[in-house]
Amino acid sequence: MADDCIFCRIVDGDIPAQVVHQDDRALVFRDVNPQAPTHLLVIPRRHVVSVDHLSPDDEALAGHLLLTAGTAARSLGLEEDGYRVVTNIGRDGGQTVSHLHLHVLGGRSLGWPPG
Ligand code: 5GP
Ligand code: ZN
């Protein structure tokens with residue numbers, strides 16, 4: 001756990017969040033500043049900075065996060081019209097919170113390519 005990490009503090013319950021799904025390795029909660037009608041964040045409970053910081057030992061965790069994104073999306077009915085799973089990495093990727101998270105965006109048509 002990184003003391004100055006917002007998402008670690010959410011995992012620890014120090015900062016409230018609208019949790020929609022959780023298990024032993026992952027937490028899914030609503031983004032505080034949603035960019036779509038449904039905007040979820042899927043995070044590992046363990047502090048990992050980004051996809052770029054995953055190691056081969058994290059292969060199962062990485063797969064679990066992706067599967068969890070799908071499970072959470074389906075639980076909210078997003079699969080019918082489709083949705084997007086995206087993760088930002090570093091400065092040029094637009095990452096603002098240095099704790100790995102998958103964004104799950106749905107409920108509207110999403111543009112491509114991103115800005
Ligand atoms: P990034 O820009 O790193 O890809 O995404 C970080 C996301 O975390 C942003 O969409 C931002 O709105 C969200 N966020 C930042 N702080 C909090 C918080 O305290 N609670 C919740 N639920 N979301 C947060
Ligand atoms: Zn963290």
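Reader: What makes up the shell around ligand 1, by class?

Author: In this predicted model, the shell has 7 nonpolar, 7 polar and 2 charged residues. Asp counts as charged and Asn as polar; Asp 31 and Asn 88 are among the closest residues to ligand 1.

Reader: How do you know that a residue belongs around ligand 1?

Author: The test is a heavy atom within 4 Å of the ligand. In this model 16 residues surround ligand 1, with Thr 96, His 101 and His 103 also among the closest. Helix H1 (6–11) and strand E2 (26–30) each supply at least two residues of that shell, and H1 gives the most, with 3 residues.

Reader: Why is the pair between His 103 and ligand 1 called a polar contact?

Author: A polar contact needs a pair of N or O atoms within 3.5 Å. An N or O atom in the side chain of His 103 is 2.8 Å from an oxygen atom of ligand 1, so the pair fits the definition.

Reader: What makes Val 97 and Val 32 qualify as well, when Val counts as nonpolar?

Author: Here the backbone supplies the atoms. A backbone N or O atom of Val 97 lies 3.0 Å from an oxygen atom of ligand 1, and one of Val 32 lies 3.3 Å from a nitrogen atom of the ligand. Both distances are within 3.5 Å, so both pairs are polar contacts. As for cover, ligand 1 taken alone exposes 520 Å², and the protein buries 83% of that.

Reader: Why do you say that ligand 1 sits in the largest pocket?

Author: "Sits in" requires more than half of the ligand's atoms to lie within 2 Å of the pocket's grid points. Ligand 1 is placed in the largest pocket, so it passes that test. About 750 Å³ of space lies in this pocket. Among its 32 lining residues, those closest to the centre include Gln 35 and His 39. By class, the lining has 14 nonpolar, 13 polar and 5 charged residues, and its largest share, 3 residues, comes from H1.

Reader: How do you know that the peptide bond from Trp 112 to Pro 113 is cis?

Author: Look at omega: for this bond it is near 0 degrees, and the bond is cis. Pro 113 lies in the segment after E5, the strand spanning 102–106.

Definitions and conventions. Residues are numbered from 1 along each chain as its sequence is written. Chains are lettered from A and ligands numbered from 1 in the order in which they are written. This is a predicted model: local features need pLDDT of at least 70, side-chain atom pairs count only at pLDDT 80 or more; totals for chains, interfaces and linings use all residues. Side-chain values use heavy atoms; hydrogens and water are left out. A polar contact is a pair of N or O atoms within 3.5 Å; within protein, one must be able to donate a hydrogen and the other to accept it, and residues adjacent in sequence count only if both atoms are side-chain atoms. Accessible areas come from the Shrake-Rupley method with a 1.4 Å probe; for residues, only the protein chains shown count as cover. On a 1 Å grid over the protein atoms alone, a cavity is a set of points where a 1.4 Å probe fits but cannot get out, and a pocket is an open set with protein on both sides within 12 Å along at least five of seven lines; lining residues have an atom within 4 Å of a point. Helices (H or I, at least four residues) and strands (E, at least two) are DSSP runs, numbered from the N terminus. Grid points are joined across faces, edges and corners, and a volume is the space filled by probe spheres set on the points.
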